[in-house]
Structure formats: C-alpha cells, structure tokens
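Please open the structure in a viewer and keep the selection panel at hand. The stops below proceed from one region to the next.

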Amino acid sequence: MDKKNILKGKHIVLGITAGLAASKCPELARMLEALGAEVRAVMTPNSEKLVTSGQMQAVTHFPVEDNIFDRSTPGSIGHIALGKWADIILIAPATADFLARLASGMGDDLLTCVCLATPSQIAVAPSMHFQMYGAPATQENLLTLKKRNILIWGPEKGRLGSGDIGIGRMLEPGELVKNVENYFNSISELNPFHILITAGPTQEAIDPVRYISNRSSGKMGFALAAAARSKGAKVTLISGPVTLETPVGVKRIDVVTALEMHEAVHKIIETDNDVNVFISCAAVSDFRPEHVSTQKIKKSEGVETSSSSVPSQTSEVIADDIMTLRLVKNPDIVKSVASLTTRRPFVVGFAAETERVEEYARIKLEKKKLDLICANDVSKKELTFGSDENEITMIWNDGIKKIEKCSKSEVASQIIDHILTFSQKTKSKEG
Ligand code: PMT
C-alpha cells in the first residue's frame, strides 16, 4: 500500500456538531476527498445553524444524514449500516455537550447512535470556549473517552469565537487530515513493526512525601513514540511520571518506579509477542531506597516515630546535620531485555553522559549488549533534559552517525529511520 495514498478508498463518517468551527467542515471534507477518501457527513440538528447540509452534500456528493427516523431521502442509510460502513468516525467539531453525551453512552440523535453502533475507531476534535474545555465535567468526560480508546485530537490554543484567547480552538483541517492519515498508517498491514519505548524519569519513594528522581521531562521518548507512530509502527510507550500528552494512536502505560517499568516492559514483550524494537529512552533511577518509610521521616530523628511504621533501615541520622539514606540497585531494564534468549527485540539504549560521552556510551553498548546506543551529552544545559532540542550520536558495533542539533521531533524521526533500516539489515544478516 502506498503510504502517500493511505486515505484512498477509506470510508470516513464526518460527524458535525454545533461548534463555531463547523464552518471549516466543507474544507475538511474537501481535503479528505481530494486524498481519495469517501466522506459521509452526519450532522446534529443544531450544527445546521453553522454550516448547511447543502454545503456538506455538495462537497461529499452524498446526502447528509441528520435524522435517525428519516429513511425517505434517496441514498441515506441507517445508523447501524453507517457505523459498519465507517473505517473511522471523526467528529469535528465536537462540542462539550456532544462529548458529554458520547461519554455517557446516550443515543438521542443519529450521530450518537452511529457512535454506539460502530466497531470502528472514533476520533473527536473538541471545539469550545476555554472555560467550557477546562470545566471539570468536560475534562472527566474526555478522560472517560480516552479510556475507551477514543482518539482526542486537540483542541489548540488560540483566539476563540468569543474573542478570548485560550485552549479550545479546533485543530485546523490540515492537522486533522494528518491525524487521520497517521491513524491509517499506524494500522497499515505493511508496517509490522511494534516499537516499545520507555520515556521520562522514574520516581523512587523515600517516604509518603519524598522521592528520588531526575530531570527527564519525557520529551525525547514521547517524540520517538510520535515519530514511530507517524511512520506506521504500532507503538507502546511506557512512561514515568510526566505532564505530556500521549501522541495520537500510541498505547501508553504509566508507571512510577523502576520496578514497575521493568515489569511493564517484560509483560508487553511476553504477552504481545510481537515487539520488534525496544528503545530505552527513560532515565531510570539506578537505585531506590532500601525501604519506603510508611510515615514522613522526621528531620530531627531520621527514624520514624509512628508505631505503625516499619523501623527505618532506610535512613539514619549520623550527626546533627547529616543523614544517610540506604539505597539498593534497581534492575537494569535495557540490559535485561538485551539478554533475553527468546523474543529478543532489536535493542536501543540511550547514554546520558556529562563527559567522555562517546567513550562511555561505547562501554554501555558493549556491557549491556545493545544493538545501538544514542549518546546524549547532557552537560549542555540548553539541550536534552526538558528542552525541545537535542543532538545525538548514534553508535553501534561498527558504525557511528551524528545527528546535529535540531528539534527533538526531528532527532526522533532520524533515529526511527535509522533503526528501521538498521534493524532490518541486522535481521537479514542473521538470516
Ligand atoms: O526526557 P527529556 O527531558 O527529553 O530528556 C531526554 C533524556 C536525556 C532523558 C534522554 O535523551 C536520555 O539520554 N535517556 C537515557 C537516560 C539514562 O538513564 O541514561 P543512562 O546512561 O543512565 O542509562 C543507559 C541506558 O540504560 C538507558 O537506555 C537507560 O534507559 C537504561 N537503564 C538505566 C538504568 C536502569 N536501571 N535501567 C535501564 O534500562
């Protein structure tokens, strides 16, 4: 299948609800059609105040579906048939009211019924005033939809219909079309790659209020996940605590500690049984406190005072102003994957170094038995941790390639391209 024509012949139900951005629907439908998709518009009654069914019919060349009871229009099909016909249902714009009805499983108009009746992927492009978007009810509804694997595309920040500036603008038609393409690329049969990525920091609890962690924001790992997905891979992202949005179409598993990350990684490799590539981008804590105190450790005592607490072997005050913390080693996740004898994927590590970057990265490549390592000089404060840019040196047994300073998205895209060709070559050599 030609990825450039991924939308050719695809059936897209475009659900239109009564957001101001409905005026962009003719352009959206036209763009999808121009890429070869067949679009059928389903409109809620109020949306017709913002864009006419005549306009939508003109661009989609099909009658607009807007009434669950009306079967008299020639060419119109029922909600069950529409749900089956769709390869994807994109609701753009999706108002707060529609999201609430979708989240609560209502079937009080044609569009909600089509959504209930479809076995296909649903994506929503929210559009509303920023106060409505931020309202706890809307946020809870979005969370419910996410949990049901409904894709949430946007909204973005910008000038809203009211004149206010805030988050609530529907993504532009071009962006939505890209998301639809990415979705179909990701499920394309020609891309059997399943890439498992870890990202972000881990947090190792000391007591209920304190933990050991590091400066990783997760941006590099999330950029890798987005790049891999946009190139058509199935992507699972195991993330430590970060504040980033999950890239569209990526399956995300949240963990907190290194032990949880270790378990999650091996569970995916074991149960999915199709992981081709493992990229360990997470900044995993090498150590964790030997015991986690059940009560807040007192600075004056260094040991817990509550009777319910475990006697602390974790911390000890050895002088008025010095406390020691006993740490134990965490499992080395990437090493454990690289040493698998069955289901071993192509293994890529990162090396965050502040000096002798290449030399230390090579040692890690060898010691951990990796196929490839991305050496990351983290002594440059403006780069790497938390920044939007990075520069990387990819090193493997008999080769080296530098990626000059650019955005993390671009770095990620180059790393994924390299992995895809390099891992294929390695596989064919093995035979
Ligand atoms: O998240 P950002 O703010 O965007 O920053 C990106 C980054 C700097 C975190 C990222 O680019 C990076 O370099 N990640 C690796 C950080 C790291 O832990 O490096 P390391 O040299 O300590 O570890 C070497 C490798 O072993 C890494 O692949 C690491 O994921 C892995 N490891 C380390 C310890 C451990 N217990 N288990 C592991 O799997």
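Begin with the lining of the second largest pocket, which by class comprises 18 nonpolar, 15 polar and nine charged residues. The coordinates shown are those of a predicted model. This pocket has a volume of about 1,100 Å³. To centre the view, select Ala 282, Ala 283, Val 284, Asp 286 and Ala 352, the closest to the pocket centre of the 42 lining residues. Next, colour H9, helix H11 (333–338), strand E18 (346–353), helix H12 (357–367) and strand E19 (372–377), each of which gives two or more residues to this lining. Which of these elements gives the most to the lining? It is E18, with four residues.

Now display the ligand and the 26 residues that surround it. The closest are Ser 216, Ser 217, Ala 282, Lys 364 and Asn 376. Ala 282 thus appears for a second time, having been listed among the residues closest to the centre of the second largest pocket.

Three contacts to oxygen atoms of the ligand merit individual selection:

- Gly 218: a polar backbone atom is 2.8 Å from a ligand oxygen.
- Phe 350: a backbone N or O atom lies 2.9 Å from a ligand oxygen.
- Lys 368: an N or O atom of the side chain is 2.9 Å from a ligand oxygen.

The ligand taken alone exposes 780 Å², of which the protein buries 96%.

Move next to the largest pocket, which holds about 1,600 Å³ of space. Of its 44 lining residues, select Glu 245, Thr 246, Pro 247, Val 248 and Gly 249, the closest to its centre. The elements that each supply at least two lining residues include helix H7 (136–147), helix H8 (173–186), strand E11 (234–239) and helix H13 (408–430). Colouring by domain is instructive here: domain 1 (3–189) and domain 2 (192–288 + 329–430) each contribute at least three residues to the lining. Its composition by class is 20 nonpolar, 14 polar and 10 charged residues.

The final stops concern the backbone. Most residues other than glycine have a negative phi, and most peptide bonds are trans. Select Ala 92 and Pro 93, which are joined by a cis peptide bond with omega of about 0 degrees; Pro 93 is in strand E3 (residues 88–94). The bond from Gly 154 to Pro 155 is also cis, with omega near 5 degrees, and Pro 155 is placed in the loop between E5 and strand E6 (156–159). Finish at His 61, where phi is positive, near 65 degrees, in the loop between helix H2 (53–60) and helix H3 (79–85).

How values were computed
Residues numbered from 1 in each chain as written. Predicted model: local features only at pLDDT ≥ 70, side-chain atom pairs only at ≥ 80, totals over all residues. Heavy atoms only, no water. 1 Å grid on protein atoms, 1.4 Å probe; cavity = no way out; pocket = protein on both sides within 12 Å on 5 of 7 lines; lining within 4 Å. Points joined across faces, edges and corners; volume = space filled by probe spheres on them. Nonpolar A, V, L, I, M, F, W, Y, C, P; charged D, E, K, R; others polar. Domains from an automatic or database assignment. Near = heavy atom within 4 Å. Polar contact = N/O pair within 3.5 Å; in protein donor to acceptor, adjacent residues only side chain to side chain. Areas by Shrake-Rupley, 256 points an atom, 1.4 Å probe, with all protein chains shown as cover.
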